[in-house]
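User: I am new to this structure and would like a close look at a single part of it. Please start with one contact between side chains, then go on to its surroundings.

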Amino acid sequence: MNVDLDPALAATIAAIPEWEGLEPEVTPITVGITNRNFKVDIGGDSFVVRLSGKDTDLLGIDRAAENEAASAAARSGVAPEVFAYLPERFALITRFVEGSPIPEEDLEREDVLGAVVRSVKAIHAGPPIPSTFPVFRIVEDYRAIAEARGVVAPSAFEEVHAKSADIEGAFAVQPLSDRPCHNDLLNANFLLDGDHVWIVDFEYGGMGDPFFDLGNLSINNGLSPEAQELLLRLYFGDVTDAQRARLQLMRIVSDFREAMWGVVQQAISTLEFDYVGYADRHFARCLASASDGRFGSWLDAAAAEPV
């Protein structure tokens with residue numbers, strides 16, 4: 001489907017020397033609640049052009065670092081090849097890859113979840129990248145940014161922040177080395193291509209705790225307790241109580257970050273999306289998880305032995 005090109009997209013296409021004189025076929029990609037994405041068929045090839053949303057640096061997104069993270073993941077065979085990065089156009093262009101969305105229920109299957117885990121592990125095994133993802137500080141930054149723009153964090157923030165501090169303290173007893181992480185393993189960022197899973201959208205890619213990716217993957221895709229155990233087994237082999245505890249605790253941290261992302265988006269986004277409802281849903285789930293009677297034992301297990 002052709003669309004009338006808005007000036008930003010037209011300027012981005014015109015800025016690619018290899019595309020000069022070629023007629024693009026453009027199709028909007030409607031998935032996504034931060035940026036505008038388009039499939040561009042041109043010169044016999046297909047690409048995805050992503051135009052950054054307004055003020056996304058306030059979400060902690062460093063576009064140069066995103067380019068580095070996406071390029072590193074592409075070299076690992078996990079992400080599509082980065083074709084061009086145009087910082088002056090706030091644009092990232094990648095090769096279009098074939099693949100199908102993965103229904104959440106399919107992640108209960110070992111073959112499908114195993115394909116996802118292989119790709120996640122490949123990201124974690126890559127060389128260091130220049131950006132970081134200090135999730136315990138990010139939620140605090142989000143509150144400050146939102147409140148500076150007139151959006152007050154919900155009252156739940158203080159309760160969850162206290163729980164988050166307990167988790168951070170437990171993890172510090174047995175710290176893990178930071179690894180390259182995706183940090184946004186939403187279902188929409190997976191594409192199943194045969195027995196391979198492509199992972200896209202490295203906006204939040206950075207060095208961090210691999211358990212944040214595992215918790216993020218687990219909570220955002222609604223993994224059952226059985227699938228959570230399978231996730232750990234596929235990633236580690238033999239599973240320990242410390243690993244189980246860290247997964248449960250990072251599910252809480254992931255929801256906290258997601259809730260505060262919704263809060264800061266209320267202050268900066270111009271897209272038509274219910275960010276209030278988004279934040280409220282994640283706060284509610286986060287509070288429910290943090291109120292689990294096993295929370296204290298998870299802290300103890302996470303601090304008791306190396307992972």
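Analyst: The side chain of E203 makes a polar contact with the side chain of R63, at 2.8 Å. This comes from a predicted model. E203 sits in the loop between β8 (196-199) and β9 (206-208). Being in a loop does not leave E203 open to the outside: its relative accessibility is 4%, so E203 counts as buried.

Now the largest pocket. It holds about 960 Å³ of space. The lining has 37 residues, and V31, A188, N189, V200 and D201 are the closest to the pocket's centre. Several elements each supply at least two residues of this lining. Among them are two helices, α2 (63-75) and α8 (241-268). The strands β3 (45-51), β5 (91-95) and β7 (190-193) do so too. By class, 20 lining residues are nonpolar, eight are polar and nine are charged.

Last, the cysteines. A disulfide is a covalent bond between the sulfur atoms of two cysteines. The count here is zero. Why does C181 form none? The closest cysteine sulfur to that of C181 is in C286, and it is 19 Å away, too far for a bond. The cut-off for a disulfide is 2.5 Å. Seen from C286, the closest cysteine sulfur is in C181, again at 19 Å and too far for a bond. Are these residues buried or exposed? C181 is buried, because its relative accessible area is 2%. C286 is buried as well, with a relative accessible area of 0%.

Definitions and conventions:
Residues numbered from 1 in each chain as written. Predicted model: local features only at pLDDT ≥ 70, side-chain atom pairs only at ≥ 80, totals over all residues. Heavy atoms only, no water. 1 Å grid on protein atoms, 1.4 Å probe; cavity = no way out; pocket = protein on both sides within 12 Å on 5 of 7 lines; lining within 4 Å. Points joined across faces, edges and corners; volume = space filled by probe spheres on them. Helix = DSSP H or I, 4+ residues; strand = E, 2+ residues; numbered from the N terminus. Nonpolar A, V, L, I, M, F, W, Y, C, P; charged D, E, K, R; others polar. Buried < 20%, exposed > 50% of the residue type's maximum accessible area, 1.4 Å probe, protein only. Polar contact = N/O pair within 3.5 Å; in protein donor to acceptor, adjacent residues only side chain to side chain.
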